[in-house]
Amino acid sequence: MLNESETLVEAVGLMKEYPREGGVARVVEDVSFAIRRGETLGLVGESGSGKSTVARIILRLVEPTAGSVRFAGEDVLGAGHRELRAMRRRMQIVFQDPYAALNPRMSVKQILSEPFAIHKQKPEGGLDAMLRTVGLDASALARYPHEFSGGQRQRINIARALALRPDFLVLDEPVSALDVLVGAQVVNLLRDLQREYGLTYLFISHSMPLVRYLCDRVAVMRKGRLVEIGDVMDVCERPREAYTRGLIAATPELPMGSV
């Protein structure tokens, strides 16, 4: 059991239902977990297992049918507009599709400036410093998303997510749209940024080898329910559930450490 000072994010009894003809579709059912400050929790499962819905509930991008979420001890789901706005400076998300997440009509300078305009803040060190943090240079500021490769676009998304110096990032399959080697470079960047800034991650993936490389603990979801959770090495080497063993067997090892 984690004590309050160790816990940054806590989800309890999350449930999400959507109406459908003849009843409801339950996509998340009784999901509970906590994430320690500075750690990476992997949330893994097949497509449609409910993992992205759980992440969006935590950020309050989706309202749950039942359950509670606390961030740094504060009630996320019960927060008013002002309190939620303050929390969202500390909680950010990096989406799966690096191109769809960027407005094609905005330059990189406009994209990176947007969070500061919304929250009425000024960037520390300037926008070029934000780009250097993710391995790009200041020449990118005048360019538009279509002028970059997929890996470069995801680096821009990461820079934008880090703009307000958050404590917590949801990484929603951030390399699944990239080729293997470029994805490995982005994952290694995320690991370096975590060490530098003391970030806490919820890393969503369908790849157990990727989760094993990046995460401290892993939670396995199947059909909206949490079926296994524990230390990532314990779960990967001694999985209790046949479903977890199937996920491990289904994904080849990735060349992460060689990049």
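## A tour from Q194 to the salt bridges

Begin by selecting Q194 in this predicted model: setting aside its neighbours within four places in sequence, Q194 is in contact with G38, E39, T40, L199, T200 and Y201. Q194 belongs to helix α6, which covers residues 180–197, and with a relative accessibility of 10% Q194 counts as buried. Display the side chain of Q194 together with that of T40, and you will find a polar contact between the two at 2.8 Å; then add the backbone of L199, whose oxygen lies 3.1 Å from a polar atom of the Q194 side chain.

Next, stay with E39, one of the contacts of Q194, and select R36 as well, since the side chains of R36 and E39 meet in a salt bridge of 3.4 Å, N to O. E39 is buried, at 6% relative accessible area, whereas R36 is partly exposed, at 30%.

Now select D167 and R90, whose side chains form a salt bridge of 2.6 Å, N to O. D167 sits in the loop between α5 and β7, and R90 in the loop between α2 and β6, so this pair ties together parts that are 77 residues apart in sequence. Both partners are partly exposed, D167 at 28% and R90 at 28%.

For a network of salt bridges, select E17, R26, E29 and R225, which are linked in this way; the structure holds 14 salt bridges.

Finally, turn to the largest pocket, which contains about 440 Å³ of space, and select R88, M91, Q92, I93 and H119, the residues of its 17-residue lining that lie nearest its centre. The lining divides into 11 nonpolar, three polar and three charged residues, and β6, α3 and α5 each supply at least two of its residues.

Terms used. Residues numbered from 1 in each chain as written. Predicted model: local features only at pLDDT ≥ 70, side-chain atom pairs only at ≥ 80, totals over all residues. Heavy atoms only, no water. Helix = DSSP H or I, 4+ residues; strand = E, 2+ residues; numbered from the N terminus. Buried < 20%, exposed > 50% of the residue type's maximum accessible area, 1.4 Å probe, protein only. Polar contact = N/O pair within 3.5 Å; in protein donor to acceptor, adjacent residues only side chain to side chain. Contact = heavy atoms within 4.5 Å. 1 Å grid on protein atoms, 1.4 Å probe; cavity = no way out; pocket = protein on both sides within 12 Å on 5 of 7 lines; lining within 4 Å. Points joined across faces, edges and corners; volume = space filled by probe spheres on them. Nonpolar A, V, L, I, M, F, W, Y, C, P; charged D, E, K, R; others polar. Salt bridge = Lys/Arg side-chain N within 4 Å of Asp/Glu carboxyl O.
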